[in-house]
Amino acid sequence: MKINEEIVDKYRYRIIRKIAEGGMGAVHEVLQYGTEGFTKKMALKTINEQMSNDPEFVEMFVGEAKLVANLVHQNIVQIYQLSRVNGRFYIAMEYISGVNLQEFMDVHHRNAKKIPVDLGAFVVSRVCRALEYAHNKRDEYGRLLGVVHRDVSPKNILLTFEGVVKLTDFGIAKAANYMRNREGDILLGKTQYMSPEQAAFKETDARSDIFSLGICMFELLSGQNLFEDEDTLVTLDKVMHQDIPSLRGLNPQIPPKVEQILTRALERDLDKRYQTAHEMGDDLEHFMYDKGYGPTNLALEKYLYELYPDKAMH
């Protein structure tokens, strides 16, 4: 799919390359030009022509832009602008030079290499802070928006080559006055990263995102996908009922404290699970820094440079 040329002309963008394309649309790297030689690298997210005629999908696309425009946090990908040209919507957003968590895990798998536990904990802790901020976001009248991301998964967790962790893609999030709540009617999200309540078509709250992040954490530190199956119904059943394997049994390098954190994040009983991302983030940070020194953005940047020397230089 080509970006509508009128978008490029009207807003003075120059297309650099296509970053990704799927059935719904595409994301391009672009340069925006201003006066006096001003340029800014951005990402342009567009809807393909077929989906532009789907009112429900357009509503979700617009809802994401409106919601995330007000979520200004270092660990959330920033949205700059929502525009429409000849009926076609696009979002101008922060450009991320880096890799997603799935790519990060894949390169370790190909090289038969374990991800360092402290860096894995650091990545998850930063997502906790992004979720903490989003879950606690209020509108201009002080009313809690009730944001639930509903799609916390490795492809939506980005690692910049500067060592910053970013949560992205709030496209199926729910939030008051921004997104239509379709829970109970349709299944939204990636099945292998769903919470049990999400898989059961039940109402979700912030604790659902914590369970999904727990699945990502398990995969990050064990090298194994927890619930994935070729059959979607089998996957959903696993999410709701399968016993959680011992993380230390799969990776003896895992400290007991980290396994305790993961176990609590993956509690199916909502009352036993972490009640807030803040609590989970605090426990991870206590594990990382209780001896006085632990991983930082700089440590992750250095590690990514070693993994991707050619990419990280640019």
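**Exercise 1. Strand pairing**

Task: Determine in which sense strand 2 and strand 3 pair, and over how many bridges.

Solution:
- Locate the strands in this predicted model. Strand 2 covers residues 25-33, and strand 3 covers residues 39-47.
- Read the sense and the bridges. The two strands are antiparallel and share nine bridges.
- Fix the register. Val 30 faces Met 42 of strand 3.
- Check the connection. Strand 2 and strand 3 make a hairpin, with five residues between them.

**Exercise 2. The other partner of strand 3**

Task: Find how strand 5 pairs with strand 3, and which residue of strand 5 stands opposite Met 42.

Solution:
- Strand 5 spans residues 88-94.
- Strand 3 and strand 5 pair in the antiparallel sense, over five bridges.
- Glu 94 in strand 5 is the residue opposite Met 42.
- Combine this with the hairpin. Met 42 stands opposite Val 30 and also opposite Glu 94.

**Exercise 3. Two positive phi values**

Task: Take Glu 36 and Arg 150. State where each one lies, and decide whether each is buried or exposed.

Solution:
- Start from the background. Most residues other than glycine have a negative phi.
- Glu 36 has a phi near 55 degrees, a positive value. Glu 36 sits in the loop between strand 2 and strand 3, in the turn of the hairpin.
- Apply the cut-off for exposure, over 50% relative accessible area. Glu 36 has 82%, so it is exposed.
- Arg 150 has a phi near 70 degrees, again positive in a residue other than glycine. Arg 150 lies in the loop between helix 5 (117-135) and strand 7 (157-160).
- Apply the cut-off for burial, under 20%. Arg 150 has a relative accessibility of 4%, so it is buried.

**Exercise 4. The whole chain**

Task: Count the helices and strands, then judge whether the chain is as compact as a globular protein of its length.

Solution:
- The chain holds 13 helices and eight strands.
- The radius of gyration is 20 Å, close to the 20 Å of the globule rule for 314 residues, so the chain is as compact as a globular protein of that length.
- Add the box. Along the principal axes, the C-alpha atoms fill roughly 55 × 45 × 45 Å.
- Add the burial. Of the 314 residues, 52% are buried.
- Add the contacts. Among those between residues at least 6 apart in sequence, 62% join residues at least 24 apart.

**Exercise 5. Surface and charge**

Task: Describe the exposed area of the chain and its charged side chains.

Solution:
- The chain exposes about 15300 Å², and carbon and sulfur atoms supply 49% of that area.
- There are 39 positive and 46 negative side chains.
- The centres of the two sets lie 3 Å apart.

Conventions: Residues numbered from 1 in each chain as written. Predicted model: local features only at pLDDT ≥ 70, side-chain atom pairs only at ≥ 80, totals over all residues. Heavy atoms only, no water. Helix = DSSP H or I, 4+ residues; strand = E, 2+ residues; numbered from the N terminus. Rg over C-alpha atoms; globule rule 2.2 N^0.38 Å. Buried < 20%, exposed > 50% of the residue type's maximum accessible area, 1.4 Å probe, protein only. Contact = heavy atoms within 4.5 Å. Areas by Shrake-Rupley, 256 points an atom, 1.4 Å probe, with all protein chains shown as cover. Lys, Arg positive; Asp, Glu negative; His and termini not counted. Charge placed at Lys NZ, Arg CZ, Asp CG, Glu CD. Pairing = 2+ DSSP bridges.
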